Amino acid sequence: MIRSWIKTGAAHVMSRTGLDRLAGSLSGARAVPLVINYHRIVEDFASSAKTSIPSMLVSRRMLERHLDWLGRRFRFISLDELGARLEAKDGREDPVAAITFDDGYRDFYDHALPVLKRKGVPAAVFVVTDLVGTRRVQIHDRLYLLLARRIRPGSGAPGPFEATRVLLETLPQAGLEEVILKLELEDPISEDTWQPFYSLTWELLDEIHRAGVTIGSHTRTHVLMTKESRQRMLEEAAGARQEIEGRLGTKVRHFAYPSGYFNTAAVDAVATAGYGFGYTTCAHHDAGHPLLTVPRVPLWEHSCRDSHGIFSESILSCQINRAFDLVSGCRQRHATTKEGGNDRS
């Protein structure tokens, strides 16, 4: 609670004095067009948060609030227009913003698309191709819910989100699947529980694409690229691109790193796979491929609420300027180890 009060007060002061924009300049956030990142869009946040990672959720109502605030200050553009500006090194200072959604959840079609259409906001969806049209669920969703059913509040153990993050950042995908299998054997979860986590179908993606939404790649299986071999990274990036292009008959130029994690080896794999643009969640750039490390600002239901739980324009302004990053810093290490593998710290 004290931390929330401090954050609320600091955001109010920074937005009133322009320090948030200064912080954005220092962090590099204002040097590139604004790109916003969402995941799941749900009807009721509180209900969905009972089984889902809360920081991956935003309600339809809060999404509209974000878009309305952004729309008064920025011109919304597609990723293709954003890419053209970046390629041309367009130095125009007109404020523009691009809206993106990761993972390709079915609720994008149910809840986000109607809002975007009504407001005339272009957007992009990054899909995990092996899950499209199936009943398979994202690894992070499965792991989180299985852990949440075991870890009780006040037990002294790390919470389910912290435990999930540690496992995702430590184990390669094969190791994660082993953990999930053991947990599922001990405590099976019904198919009805998993239904809200289903991905879009190829038929819905075709409809979405024809409605003007850009379809990008988010790998084949949502691997954390920095935990896999170079060959696996290339297979994930190239395979997803080929699948989308074959299914939808469109050229895929945009790639989002799962969880925003990248290192030099991952960026090289994305470049080899033929993408023009890659999107992360921090402000760091790869010197050799700056267009493959375009930063995004992740937003969710509570990312812009103040200490009273009310939507705060001041906090949103600080978020899009990455003002808080100067304090929190970046948790990632983006270099590749000298041995040729990936940085596993």
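## A network of four residues

Let's start with a little cluster of charges: salt bridges link E64, D68, R118 and K119 into a network. Keep in mind that this is a predicted model. Side chains of opposite charge can pair when their charged atoms come close.

One pair in this group is D68 with K119, whose closest N and O atoms sit 2.7 Å apart. That pair connects distant parts of the chain: D68 belongs to helix α4 (residues 60-71) and K119 to helix α6 (residues 107-119), with their positions 51 residues apart. How accessible is D68? Its relative accessibility is 33%, so D68 counts as partly exposed. K119 is partly exposed too, with a relative accessible area of 29%.

## D187 and its two arginines

Now over to D187, which forms a salt bridge with R149, the closest N and O atoms being 2.9 Å apart. Here the link runs between loops: D187 is in the one between α9 (173-186) and α10 (191-194), while R149 is in the one between α7 (139-148) and α8 (160-170), 38 residues away along the chain.

D187 also pairs with R150, this time with 4.0 Å between the closest N and O atoms. Because R150 lies in the loop between α7 and α8 and D187 in the loop between α9 and α10, this pair ties together parts that are 37 residues apart in sequence.

As for accessibility, D187 is partly exposed at 21%. R149 is partly exposed at 32%, and R150 is partly exposed at 28%.

## The whole structure

How many salt bridges turn up in a search of the whole structure? The count is 25.

Terms used
Residues numbered from 1 in each chain as written. Predicted model: local features only at pLDDT ≥ 70, side-chain atom pairs only at ≥ 80, totals over all residues. Heavy atoms only, no water. Salt bridge = Lys/Arg side-chain N within 4 Å of Asp/Glu carboxyl O. Helix = DSSP H or I, 4+ residues; strand = E, 2+ residues; numbered from the N terminus. Buried < 20%, exposed > 50% of the residue type's maximum accessible area, 1.4 Å probe, protein only.
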